[in-house]
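These notes are meant for someone opening the model for the first time. Please read them with the structure on screen.

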Amino acid sequence: KMAEVLPPSPGRQPPDCPHFPACGGCRLRHMSYAEELRFKRQKVEDALRRIGGVEMELEEIIGSDEILRYRNKSQFPVDGAGQIGFYRARSHQVVPVTDCLLQSETANAAAAAVGRYMQRHHVPGYDETKCTGLLRHVYVRTNAAGQALVCLVVNGKTLPEETALTALLQESCPNLIGIVLNTNTANTNVVLGQEYRTLWGASELTDTLCGHRFALSPAAFYQVNRPQAERLYRKALDYADLTGAETVLELYCGAGTITLTMAPRARQVIGAEIVPEAVENARRNAADNGIENAEFFLGDAGAVAAKLAAERLHAHVVVVDPPRKGLGEEVVTAIAQIAPDRVVYVSCDCATLARDIQRFQSAGYTLQKATAVDLFPRTEHVECAALLTHTDNPC
């Protein structure tokens, strides 16, 4: 724990957010952006060396043009006292936040409107220690056109005065296109439950990424920083090195963003995802974009990969974009059985990336190059794209 700053670093700057450092969302607001990029590049290289056993300099780190208001997805937890904000670092204690500098102004306005609705109609927030109360999260997704979809996560199936809530949100967010109610009555840290009901308007939001239009349900994974996601996916496409003759398999494909980005340059693309709504989005996204060489499977990544390996599918390229916990050992084993020439690993956690690179090395794959892409300015998180090739087929 820092007790006192003696001589400040040249990279230190006064934090520009009144909630720093109590709120656990931004950890680097005391750094200049140039220093932040240097720190993140070193963080990835250190993880590759210490955990993965690989000495490698990154090709580059790709910084973000915007470091404020860049998030297109906002999830505001609500506590038992009705406070809306973000968790204090390393806790589930909500710090009330009225204007988060990472979120869009629309998302902040929606959260504030929900707060007013709760006060007017005496709607209790969710107390996760007692599993009581009603409103758990305010979830807002926006697109490049400025439209917004609000999803309210509740410990039940209805909210009091839903008509009044709808009117207040419409008044506060002029670009609102829909309000969805999500039921989550489980005692869990998982934000979304399985049941959805549309209160008003649309149940999905549409956005454009890498020249394709994507329909996005609240459950579908989509990168939170759209311009940087396009740069990340272009790097993944570059690493895939497609000529038009390849079969590409993507595991953890979400709504199909990477899969469909690679489709025009491949013979066949296959995506696998465990979230049913995301698979439905992916299939519809392929149809809406006129892509006929894409196929999507619903299921666990390891199980789908093992099934395809048993069916003797030969994918020339396998792309993985796992959650922060990385790949299970069974997934690496199944990929090795498919025996692709190249594995393109898109990672949001360099520690699990480094661990999995070591596992791939045991399966006969070597890390060739890697790039860091800053999708999360002012936070400690950084995305990476890495290329691994089979020892018998070096790039």
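**Notes on the fold and its contacts**

1. Helix 9 lies across strand 15 (342–347), strand 16 and strand 17 (383–390), and its direction makes an angle of about 160° with strand 15. Axes here are lines fitted to C-alpha atoms, for helices over the stretch in contact, and angles run from 0 to 180 degrees between N-to-C directions. Contact means heavy atoms within 4.5 Å. Helices (H or I, at least four residues) and strands (E, at least two) are DSSP runs, numbered from the N terminus.

2. Some conditions apply throughout. The model is predicted, with local features needing pLDDT of at least 70 and side-chain atom pairs counting only at pLDDT 80 or more, while totals for chains, interfaces and linings use all residues. Residues are numbered from 1 along each chain as its sequence is written, and side-chain values use heavy atoms, with hydrogens and water left out.

3. Strands 15, 16 and 17 belong to an open sheet of 8 strands with mixed pairing, in the order 1-16-17-15-14-11-12-13. Strand 1 and strand 13 (294–298) are the edges; each has a single partner strand, so one side of each is left without a neighbour in the sheet. Two strands count as paired if DSSP finds at least two bridges between them. At one edge, strand 1 pairs with strand 16 (residues 365–373) in the parallel sense over 2 bridges. Within that pairing, Ile 62 is opposite Val 373 of strand 16.

4. Is strand 5 (residues 135–142) enclosed or open? Of its 8 residues, 8 are buried, so the strand is largely enclosed by the rest of the structure. Buried means under 20% relative accessible area, exposed over 50%, and partly exposed in between (1.4 Å probe, protein chains only).

5. Strand 5 has antiparallel pairings with two strands described here. With strand 2 (residues 73–77) it shares 5 bridges, and Ser 74 stands opposite Val 140 in strand 5. With strand 6 (residues 148–154) there are 7 bridges, again antiparallel; there His 137 has Val 153 as its bridge partner. Strands 5 and 6 form a hairpin with 5 residues between them, and Gly 146 in the turn has a positive phi of about 90°. As background, side chains in a regular strand alternate between the two faces of the sheet.

6. The largest nonpolar core has 75 residues, of which Val 138, Leu 152, Leu 159, Leu 169 and Met 262 touch the most other members. Such a core is a set of buried Ala, Val, Leu, Ile, Met, Phe, Trp, Tyr and Cys residues joined through side-chain atoms within 4.5 Å. Beyond its neighbours within four places in sequence, Leu 159 is in contact with Tyr 117, Val 123, Leu 134, Leu 152, Val 154, Leu 165 and Leu 181. A second, separate core of 44 residues includes Val 44, Met 56, Ile 61 and Leu 313.

7. How many salt bridges are there? The count is 20, taking a salt bridge as a side-chain nitrogen of Lys or Arg within 4 Å of a carboxyl oxygen of Asp or Glu. One of them joins Arg 231 and Asp 65 at 2.8 Å, N to O. Arg 231 is in helix 4 (residues 226–240) and Asp 65 in the loop between strand 1 (61–62) and strand 2, so the pair ties together parts 166 residues apart in sequence. Arg 231 is partly exposed at 24% relative accessible area, whereas Asp 65 is exposed at 62%.

8. Other salt bridges stay inside a helix. In helix 9 (residues 350–362), Arg 359 and Asp 356 are 3 residues apart, about one turn, and their closest N and O atoms are 3.4 Å apart. Asp 356 is buried at 0% relative accessible area, while Arg 359 is partly exposed at 24%. In helix 4, Glu 230 and Arg 226 are 4 residues apart, about one helical turn, with a closest N to O distance of 3.8 Å. A network of salt bridges also links Glu 36, Lys 40, Asp 374 and Arg 378.

9. The number of disulfides is 0, where a disulfide is a pair of cysteine sulfur atoms within 2.5 Å. For Cys 253, the nearest cysteine sulfur belongs to Cys 210, 15 Å away. Cys 253 is buried at 3% relative accessible area. For Cys 384, the nearest is that of Cys 350, at 5.8 Å; Cys 384 is also buried, at 2%.
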